[in-house]
Amino acid sequence: MLRFKPLFAALVAAMFLTGLPAMSWATEQGQQRKAARDVRQDTRQGARDTKQACRSANDKSNAACRQDKRDTKQTGRQTGRDIKY
């Protein structure tokens, strides 16, 4: 019975050590997703500001201002994708 304890301890340690790389990858991936989400949230406010500035300048049509907002949001989405992948 006594010689099974070290074997059991070695088995438990081996199972724990094989799971470590997967846990660190999950943590890193979570941090990347959070950073990408933060970029997208900041981009939303930037897109609103872009549209507001466009409308207050009154040099473009409302449709053109909406397109500027869409372009700004699309750039933020692409930046978020670049962070994640």
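In which helix does K51 lie? In this predicted model, K51 lies in helix α1, the helix that covers residues 4-57.

**Figure 1. Close-up of K51 and the residues around it.** The side chain of K51, a residue of helix α1, is buried and yet takes part in no salt bridge. The nearest side chain of opposite charge belongs to D68, and it is 11 Å away from K51. Because a salt bridge requires a side-chain nitrogen of Lys or Arg within 4 Å of a carboxyl oxygen of Asp or Glu, that separation of 11 Å leaves K51 without such a pairing. When residues up to four places away in sequence are left aside, K51 touches N62, C65, R66 and K69.

**Figure 2. Close-up of the salt bridge between D38 and K34.** Side chains of opposite charge can pair when their charged atoms come close. Here the side chains of D38 and K34 meet in a salt bridge, with a distance of 3.3 Å from N to O. Both residues belong to helix α1, where they are 4 residues apart and therefore separated by about one helical turn. D38 is partly exposed, at 30% relative accessibility, and K34 also counts as partly exposed, with a relative accessible area of 45%.

**Figure 3. Close-up of the salt bridge between K60 and D68.** D68, the residue named above as the nearest side chain of opposite charge to K51, forms a salt bridge with K60, and the closest N and O atoms of this pair are 2.7 Å apart. K60 is partly exposed, at 40% relative accessibility. A search of the whole structure finds 2 salt bridges.

Notes: Residues numbered from 1 in each chain as written. Predicted model: local features only at pLDDT ≥ 70, side-chain atom pairs only at ≥ 80, totals over all residues. Heavy atoms only, no water. Helix = DSSP H or I, 4+ residues; strand = E, 2+ residues; numbered from the N terminus. Buried < 20%, exposed > 50% of the residue type's maximum accessible area, 1.4 Å probe, protein only. Lys, Arg positive; Asp, Glu negative; His and termini not counted. Contact = heavy atoms within 4.5 Å.
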